[in-house]
Amino acid sequence: MTDADARIEAARRALEEATAALAAAEAEAKTESETAAQAGPGVVPEPAAPAAQAEPPAPAAPAAPAAPAAPTAPSGPLDAQQLEAVRAGYAFEGAALEIGAIVNGEAVAGVPVRIPLAMTNRHGLVAGATGTGKTKTLQVLAEQLSAAGVPVFAADIKGDLSGIATPGEPSDKLLARTKGIGQDWAPAAAPTEVFSLGGRGIGVPIRATVSSFGPLMLSKVLGLNKTQESSLGLVFHFADEQGLALVDLSDLRTVLQYLTSTEGKLELEGIGGLSKQTAGVILRELVNFSEQGADIFFGETEIDTREFLRVTNEGRGVVSLLELPGVASNPALFSTFLMWLLADLFNELPEVGDLDKPKLVFFFDEAHLLFSGASKAFVEQITQTVRLIRSKGVGIFFVTQTPKDVPDDVLAQLGSRIQHQLRAHTPDDATALRQTVRTYPKSGYDLEEVLTQLATGEAIVTVMNEKGAPSPVAWTRLRAPQASMSPTPEDGLRQLVASSSLYPRYSQVLDPQSAHEVLTAKMNAAAERERAEAAAIEAEKQAAKDAKERERAEKAARSRTQTRTTTRSRPDAGSGNVVSDMLGSRTGQTIVREVVRGVFGTLFKKRR
């Protein structure tokens with residue numbers, strides 16, 4: 001029998017003894033009450049004469065001996081046995097992240113709730129309505145992972161997470177809370193690196209090339225349908241086959257324009273065609289995408305995603321924060337860019353199997369943006385990445401409002417669940433609540449009720465234990481961050497960036513020779529050849545036209561000569577026709593000579 005089993009058995013015996021003692025006390029009280037009722041109110045029964053006194057009743061069988069100190073009855077939904085089961089379910093032997101303490105009416109500091117450090121690469125979910133404390137939970141987990149030597153990557157949507165770079169400040173309220181859950185609180189900051197997408201912000205710029213981004217993710221961002229997505233894949237295939245680097249969006253636009261040109265169409269004959277209508281749709285979407293500011297996210301120098309795996313000389317994991325001040329303008333780009341980071345890590349990292357602690361934990365905030373409107377192929381790629389990246393030593397925590405924001409195939413891969421308050425103000429909310437409850441193991445809670453009553457900073461928790469089984473469901477009051485719960489001031493963030501060893505490398509914007517330059521030169525040369533060929537054809541047409549004009553003029557000239565000869569040969573003949581006679585006369589010949597000279601003389605001059 002293990003220590004946990006022994007503790008459970010001892011608690012069970014104590015509970016049985018206390019129950020028996022309580023039953024005996026209730027029976028005795030009932031007997032006294034009945035006796036007093038029979039005597040009448042305020043009347044004390046007279047004692048019987050000693051001789052007539054009946055024999056005293058035989059003593060009742062003794063109750064089971066009471067425990068030395070009966071436990072206080074729980075004031076919450078769990079009884080003593082269930083409370084002990086939760087305690088045993090979170091008593092892990094290896095290193096663990098402290099989440100908080102169980103709540104059973106009040107916080108019970110002696111029953112901590114934890115996540116085994118080795119199980120954080122089995123992924124997790126942090127969910128809850130806006131304002132329920134998800135960001136602070138993320139900060140608590142990130143701080144402890146960093147302290148355990150695990151690097152962390154997190155997107156800082158609202159700027160709140162930047163406080164992790166600054167030590168927190170104590171207050172009476174904070175210390176009272178932490179003491180109540182058994183947290184020995186002290187101010188501490190985590191080593192932090194600040195990044196920004198394409199330099200939109202003050203952090204180290206993160207950029208990706210269009211080639212590495214790939215057609216599937218770009219189709220998701222552009223909102224293309226299945227046919228257009230397939231055509232975009234053909235474009236990328238052509239660029240790869242021809243060795244054309246797609247660095248930025250101008251490269252992709254140029255390839256599309258080339259493949260719809262006369263010369264480009266011939267190069268696609270062997271692998272399929274690209275309709276001009278489909279290319280036009282993709283080009284229009286690329287223009288809109290660029291106008292939203294996406295151009296700055298693509299280019300060189302491309303980030304090396306292994307930069308997110310750094311550990312300090314003191315053995316603490318570096319927390320990489322991606323600031324996203326403009327995410328509201330293009331949420332699809334933000335979420336898809338984060339997915340690209342994960343996919344790139346998956347491609348770069350070697351297989352390592354199960355580790356004592358992960359190589360990186362990736363917090364995917366606002367996860368619903370990633371899956372909204374996603375194609376089946378895109379979701380399948382995410383599911384495969386989540387399933388397999390665990391063996392690369394990377395854990396993923398999705399942060400969103402409700403579990404239904406995450407597809408079932410992805411949700412099934414998430415071992416740890418931290419569910420903050422859910423609201424059921426609408427029929428859709430109520431449906432989401434019931435669906436969430438069904439995803440939890442059986443417990444002593446009425447989860448449909450409890451999940452709507454959780455206070456800020458409380459959550460329903462179940463994690464994957466060291467054996468890979470789910471832990472008991474625990475209503476938990478969460479620990480407080482040791483770093484600042486307010487954002488780090490901008491001056492502090494700028495100092496972090498200025499001192500970063502990464503900034504000089506990634507702040508430079510390079511413009512290498514890529515598809516745009518290669519194909520533009522090729523299309524310009526082709527256009528010049530086409531212009532020369534068109535000029536040659538036009539010259540041939542003009543020469544043929546001139547030849548026809550000369551032939552027509554010569555024919556007309558021969559016809560005139562014949563007419564004059566015929567007229568001279570019959571100077572005095574009368575035909576009986578007035579017009580013929582007139583033309584045959586000397587006066588008529590003079591008139592004809594003047595008319596012919598006037599017409600053909602002009603044409604002849606024009607030809608000369």
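**Strand pairing and helix packing in a predicted model**

Author: Strands β8 (residues 360-365) and β9 (residues 394-400) pair in the parallel sense, with 6 bridges between them. The model is predicted, and Asp 365 in β8 stands opposite Val 399 in β9.

Reader: How do you know that β4 and β8 pair, and in what sense?

Author: Two strands pair if DSSP finds at least two bridges between them. Strand β4 (residues 152-156) has 3 bridges to β8, in the parallel sense, and therefore the criterion of at least two is met. Within this pairing, Ala 154 stands opposite Phe 363 of β8.

Reader: What makes β8 largely enclosed by the rest of the structure?

Author: Buried means under 20% relative accessible area, and 6 of the 6 residues of β8 are buried, so the strand is largely enclosed by the rest of the structure. In a regular strand the side chains alternate between the two faces of the sheet. In β8, Leu 360, Phe 362 and Phe 364 point one way, while Val 361, Phe 363 and Asp 365 point the other way, and all of these are buried.

Reader: Why are β2 and β6 said to stand at the edges?

Author: The open sheet has 12 strands with mixed pairing, in the order β2-β1-β12-β11-β10-β3-β9-β8-β4-β7-β5-β6. Strands β2 (106-116) and β6 (204-206) each have a single partner strand, so one side of each is left without a neighbour in the sheet. From one strand to the next, the twist averages 30°.

Reader: How do you know that β5 and β7 pair?

Author: Strand β5 (residues 192-197) and strand β7 (residues 319-323) share 5 bridges in the parallel sense, and the requirement of at least two is therefore satisfied. As one of the bridge partners, Ser 196 has Glu 323 in β7.

Reader: What makes α11 oblique to α13?

Author: The axes of α11 (residues 331-348) and α13 (residues 376-389) come within 10 Å and cross at roughly 45°. That angle makes α11 oblique to α13, because roughly parallel requires an angle under 35 degrees and roughly perpendicular begins at 65. The crossing of α11 past α13 is left-handed. Where the two helices meet, Thr 336, Met 339, Leu 342 and Phe 346 of α11 face Phe 378, Ile 382, Thr 385, Leu 388 and Ile 389 of α13. This contact of α11 with α13 has 7 nonpolar, 2 polar and no charged residues.

Reader: Which strands does α11 lie across?

Author: Helix α11 lies across β4, β5, β6, β7, β8 and β9, and its direction is at about 160° to β8.

Reader: Why is α7 called roughly perpendicular to α8?

Author: Helices α7 (residues 226-242) and α8 (residues 249-259) pack at an angle of about 95°, with their axes 11 Å apart. That makes α7 roughly perpendicular to α8, because the range for this term is 65 to 115. Leu 232, Val 235, Phe 236 and Phe 238 in α7 meet Leu 252, Val 255, Leu 256, Tyr 258 and Leu 259 in α8. By class, the contact of α7 with α8 divides into 9 nonpolar residues, with no polar and no charged ones.

Reader: What makes α6 largely enclosed by the rest of the structure?

Author: In helix α6 (residues 215-222), 6 of the 8 residues are buried, so this helix is largely enclosed by the rest of the structure. The buried residues in α6 are Met 217, Leu 218, Ser 219, Lys 220, Val 221 and Leu 222. Just after α6, Gly 223 takes a positive phi of about 70°.

Definitions and conventions:
Residues numbered from 1 in each chain as written. Predicted model: local features only at pLDDT ≥ 70, side-chain atom pairs only at ≥ 80, totals over all residues. Heavy atoms only, no water. Axes fitted to C-alpha atoms, helices over the stretch in contact; angles between N-to-C directions. Helix = DSSP H or I, 4+ residues; strand = E, 2+ residues; numbered from the N terminus. Parallel < 35°, antiparallel > 145°, perpendicular 65-115°, else oblique. Left-handed = near helix turned anticlockwise from the far one by under 90°. Contact = heavy atoms within 4.5 Å. Nonpolar A, V, L, I, M, F, W, Y, C, P; charged D, E, K, R; others polar. Buried < 20%, exposed > 50% of the residue type's maximum accessible area, 1.4 Å probe, protein only.
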